Every structure is written in structure tokens, then in C-alpha cells.
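Colleague: I am new to this structure and would be grateful for a guided reading of its interior. May we begin once the sequence and the model are in view?

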Amino acid sequence: MITSTLGVRRAVTVTITASAVLAGGLFTGQAYAAPPPAPSITAPGGFVMNNGTGATLFGKAADTRRSTGSTTKIMTAKVVLAQRNLNLDAKVTIQKAYSDYIVSKNASSARLIVGDKVTVRQLLYGLMLPSGCDAAYALADKFGTGTTRAARVKSFIGKMNAEARNLGLRNTHFDSFDGISNGSNYSTPRDLTKLASSAMKNSTFRTVVKTKSTKQKVTTKTGGYRYMSWSNTNKLLSTYSGAIGVKTGSGPQAKYCLVFAATRNGKTVIGTVLGSSSETNRAADVKKLLDYGFRR
């Protein structure tokens, strides 16, 4: 009888111990689950962060300076929106110099018509959706200071660089208002992501960059009106669930760039890829990075 009782006790002890080990193993596995493997991207530079916490989620040559193309226009918009007593409905008369610039640079255009009166808000749409370098020129001319157009443009670019310093973007420099570089227009995936994160705090900026297309009524030189229709070059807005912005860029030096952001279940992931070899590769890389960001 004594032996039998001891056997039962031992059996119970073994059973309890085994159960405890199994339970401990299960809970340990849940608490220390390995993070998903970082994706491999073809772009030479990339960076992703949690927009809410600022935590870095992914980096590849994140601090290497590269040409940025029209992602530069994020700063153009940010400088405009930071102006004191800004009136978004103030009208700007489109000058011949803006259209001449587009032709001379073979630049992307909002197709602004000389003599038309276009509001600052409309120029922001023309800047960020079709990536209009004519809209960028108009904004730089409007919000720079000086007695000549050249002086005003130089002043505006100075404001862009001052804002970069204010944001602590140590590897960023602008020499143009639109990204068509004069030799020293550069940034990094990390810096551009931080810039976009800051810009997205402005409600007007957020509204503009998430817009897929818009039709704007502008005043003509003769006092009549015409409609301008603009579509967003950022196809991510239509191809990735939760996408909310922010800006494409391309060029001979910059290749294909995208500063991107998306929100799912209250979490916003924001990032940048620079130097992709094609639009297709850029889109594939961005999808990988967003998917990875949301799993982290």
C-alpha cells in the first residue's frame, strides 16, 4: 500500500512537472517570438519608421546622400505651409518665366497657363499631384523675398535649407525648389522620411498628398475661368490599402524615388526608397517595406 501511494505521488509529480514545462515553453515562445526577417530590396537606399513612435523599422544605406528628384517638393510645400498668416486662397498670377522654365528643363508640369490667377492651395495641388515644376517656381517666386525673381527664388531655397537645419537633417541640402539639381541637391532615406513625418503634421499637406485626382477652377487672364485636372503620380494610393501619401521623384541621377506612408489599424508606417532602377522595382520594394513595417 505504501509503495502504491508513493507511485501515485510520483506520477502526479511527473505529470505536473511535464505540464509546467509545456506551459512554460508555450508562454516563452509567445513572449520572445523572433521578429520577421527584414526584406531584401533592390533600391540602393531605403528607410522605414513607425510614424507614431519614431522607431526605426528598416534601414539600407539610410544615411547615404543621394539625388532626390521631385521628393524635394515635400520641402517646397512645407516651407509654404509654414509661412506666417498664410492665406491659402490668395491668388498668384502665372508668369511666362514659369512656362519658359518648364520648356528649358523639359520638366514635369502642372500645365499652368500664363496670365491665369491660381490660388496658393491650388498651386500646392499642382505641385504635389502632377509634380508641377511650374507650380514649384510660382510658389518660390511668391514666398521668397527680394526685388527680383532671381533674388526671391534664392531666398526661398534658403528657407528650405534653414528648415532642413531646424529639423536636424544633417545630410540634406537643396539647391533648387523642385529637385532639378544644380549640382548639390541631395538627401538620404532617413532624412526624407523625417521631413515627410514632420510635413504630415500639417492637415493641408495631408489632404493634398492623399488626393488621387482633383479638378480645380482657376481664373483666366480675361476674368473668366477654366478647370485644371491633375492626377497624382503616386500610384501607391490606388494599389496599397491604407496608403496616405506622400511623393514620387525621378530623374537621370535620382532614378526612381518614393517617400511613402500608410495607416492600418491605427498604426502609420512611413519611409523612403531612393535610386530604384524602375517604377516596377520601386513599387515592389515599397510594398515589401510597408508589409514588413506593419508586421513589426
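**Buried helices, core and cavity**

Colleague: How many residues of α2 are buried?

Modeller: α2 is mostly covered. This is a predicted model, in which local features need pLDDT of at least 70, side-chain atom pairs count only at pLDDT 80 or more, and totals for chains, interfaces and linings use all residues. Residues are numbered from 1 along each chain as its sequence is written, and side-chain values use heavy atoms, with hydrogens and water left out. With helices taken as DSSP runs (H or I, at least four residues) and buried meaning under 20% relative accessible area with a 1.4 Å probe and protein chains only, the buried residues of α2 include Lys73, Ala77 and Leu81, and the count is nine of nine.

Colleague: Which elements are included in what covers the buried residues of α5?

Modeller: α5 is also described as mostly covered, with 10 of its 11 residues buried. Among them are Cys133, Asp134, Tyr137, Asp141 and Phe143. Taking contact as heavy atoms within 4.5 Å, the cover of these buried residues includes α2, β3 (91-93; a strand is a DSSP run of E, at least two residues), α3 (96-105), α4 and α6 (149-166).

Colleague: Which helix gives the most to the largest nonpolar core?

Modeller: A nonpolar core is a set of buried Ala, Val, Leu, Ile, Met, Phe, Trp, Tyr and Cys residues joined through side-chain atoms within 4.5 Å. The largest one has 61 residues, and Ile74, Leu123, Met128, Phe205 and Val246 have the most contacts inside it. With eight residues, the greatest contribution to this core comes from the helix spanning residues 133-143, α5.

Colleague: Which residues does valine 246 contact, apart from its neighbours within four places in sequence?

Modeller: Valine 246 is one of the residues with the most contacts inside the largest nonpolar core. Two others named for their contacts there, Met128 and Phe205, also touch valine 246. The full list for valine 246 is Ile74, Met128, Ala196, Met200, Phe205, Val209, Asn234, Val259, Phe260 and Ala261.

Colleague: How many residues does the second, separate core have?

Modeller: This core includes Ala262, Val286 and Leu290. Phe260, which is in contact with valine 246, is also included in the second core. The size of that core is 19 residues.

Colleague: Why does asparagine 234 count as buried?

Modeller: Asparagine 234 is placed in the loop between β6 (225-231) and α9 (236-239). Leaving aside residues up to four places away in sequence, asparagine 234 touches Gly245, Val246, Lys247, Thr248 and Leu258. Asparagine 234 counts as buried because its relative accessibility is 3%.

Colleague: Which element gives the most to the lining of the largest cavity?

Modeller: A cavity is a set of points on a 1 Å grid over the protein atoms alone where a 1.4 Å probe fits but cannot get out, and lining residues have an atom within 4 Å of a point. The lining consists of Ala77, Leu81, Leu124, Met128, Thr204, Phe205, Val208 and Val209. Two or more of these residues come from each of α2 (73-81), α4 (120-128) and α8 (203-209). With four residues, the element that gives the most is α8.

Colleague: How much space lies in the largest cavity?

Modeller: Searching the whole structure yields one cavity of 30 Å³ or more. Its grid points are joined across faces, edges and corners, and the volume is the space filled by probe spheres set on them. The space in the largest cavity is about 30 Å³.

Terms used. On a 1 Å grid over the protein atoms alone, a cavity is a set of points where a 1.4 Å probe fits but cannot get out, and a pocket is an open set with protein on both sides within 12 Å along at least five of seven lines; lining residues have an atom within 4 Å of a point. Buried means under 20% relative accessible area, exposed over 50%, partly exposed in between (1.4 Å probe, protein chains only).
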